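Visitor: Before we begin, I would like to hear the reasoning behind the labels, and not just the labels themselves.

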Amino acid sequence: MSDVTAASSGRLPWPALLALFAAAFTAVMTELLPAGLLPGIAGALGVPEGRAGFLVTAYAVASFVSAVPVTALLRGCNRRPVLVGTLAGFAVLNGVTALSSSYPLTFAARILAGVMGGVLWAMLVGYAARMVPEERRGRAIAIVSAGITVALCAGIPAGAALAAVAGWRAAFGGLAVAAVVLIAWVLWRVPDFPGEPAAARVPLRRVVVLPGVRIVLGVTLLTLLGHQAVYTYLAPLAQASGGGPAGLVLLVFGAGTVAGIWTVGAVIDRYARLTLIAALAAVATAMALLGTAGGLSGWVPGGAGGVVLAAAGLWGAAFGGVPTLLQTALVDAAGAANADVATSLQTTVYNAGIAAGSLAGGVVLEGAGAGALPWTAFPVVAVALTIVAAARRHAFPGRPVGAGHRDSHGRPAEALRRAAAGRPVGVRGRAARGARPARAPRTTDATEGCR
């Protein structure tokens, strides 16, 4: 029985969804692995650790700049060839990174890898949603998104451990080989789907102006900026604060993300707003703990190391569910019909936050030292928390997810969305109810390639 046939019968197409899970894992590993390997990379390339951290910045900037235009260029292409192309790019570029001894060459490889990442993140959620019936889409997307958590929890610490034994080049070489294996998996088990016809493509400007969308995107930017300013340089921060090996701190952080994802999955349908407020407050608290680790060392078992590990666990547990909460808030504000376009915008903003955070953290690290990093992130996260607390009407309403906003006249926000998209407000057709489960099309000459 094929994956799509299984999905249409109510069963999840596990082999295909796990392939997308592995693609998400590979993308996160490619993007963030340098954060745990900065001393080795900096020494091999002959640059300071701050400049080595800019390799994360380069990836994120490229993803930010390319996600929307490249995704728009490829929207008419069949999905599987695009997915295979991005994975092939990861394989080649991680291989180049593993072999390069030149900082400019490595920097260029990271830029091109960032382009691959921008395209991949813009398509993964939509790809998973098209594989399953509408009532199973949430679970399918959660399975694919779990690749992020597993990469943070197990992948990056494992990469750091491998680098400690065999060198950082072996870690990137392993990623290159894994991407090649994943290509074969995708060709074997992931169904193909046609691209979007030109007439069905919703202009980005109509999505941006929907109530709440810009607020959610702004909170996404601030949250990622504050997070990445510290996370990128967690290795020198752990060393400076006496927190122990960077691999251990990353492992504790990753374990915390598992608890965070599980907790958010259990409460998001009923308490999305309160959960996001609590998560951002906990991230801010973790930053304060990291910033005062030395002063609190006498009050905590294990001294400064105990404070750093406790803060890393709290930070991971709080941040683990934040991307899911923000993505859910964005889809709820934009409407299901505009989810793919909204997600591509969030991908761009997400990477802008990563780029700005890693850049700001590198500047702070070289200018004021690692101890100043948490205090750089604290006010940024506090501003994000304040915005969420204030944005009760459209962006982060205090109601169950999917209940729908209403305007000042009591009309549901779906009417506003349809009006903004240029469709009659009073019409309740297929677009208003949600499309039927998609099935894998027969690939013919008419559906091959880009349109």
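Guide: What follows is a conversation about aromatic rings, burial and charges over rings in this predicted model.

Visitor: What makes Phe253 and Trp315 an edge-to-face pair?

Guide: Their ring centres lie 5.1 Å apart and their planes are at 75°; because rings pair if the centres lie within 6.5 Å, and planes over 60 degrees apart count as edge-to-face, both conditions are met. The pair links distant parts of the chain, with Phe253 in helix H12 and Trp315 in helix H14, 62 residues apart.

Visitor: Why are Phe253 and Trp315 called buried?

Guide: Phe253 has a relative accessible area of 0%, and Trp315 likewise has 0%; buried means under 20%, so both qualify. Ring pairs also link these two residues with Tyr231 into a cluster.

Visitor: How do you know which label, buried or exposed or partly exposed, suits Trp375 and Phe378?

Guide: Trp375 has a relative accessibility of 40% and Phe378 has 31%; since buried requires under 20% and exposed over 50%, both therefore count as partly exposed. These two residues, three positions apart in helix H17, form an edge-to-face pair, with 6.0 Å between centres and 65° between planes.

Visitor: What makes Arg51 a charge over the ring of Tyr103?

Guide: Arg51 lies over the face of Tyr103 at 4.6 Å from the ring centre, and the distance part of the criterion asks for CZ of Arg within 6 Å, so that part is satisfied. Arg189 lies over the face of Trp188, at 5.1 Å from the ring centre.

Key: Residues numbered from 1 in each chain as written. Predicted model: local features only at pLDDT ≥ 70, side-chain atom pairs only at ≥ 80, totals over all residues. Heavy atoms only, no water. Phe/Tyr/Trp six-rings, centres within 6.5 Å; stacked < 30°, edge-to-face > 60°. Helix = DSSP H or I, 4+ residues; strand = E, 2+ residues; numbered from the N terminus. Buried < 20%, exposed > 50% of the residue type's maximum accessible area, 1.4 Å probe, protein only. Lys NZ or Arg CZ within 6 Å of the ring centre and 35° of its normal.
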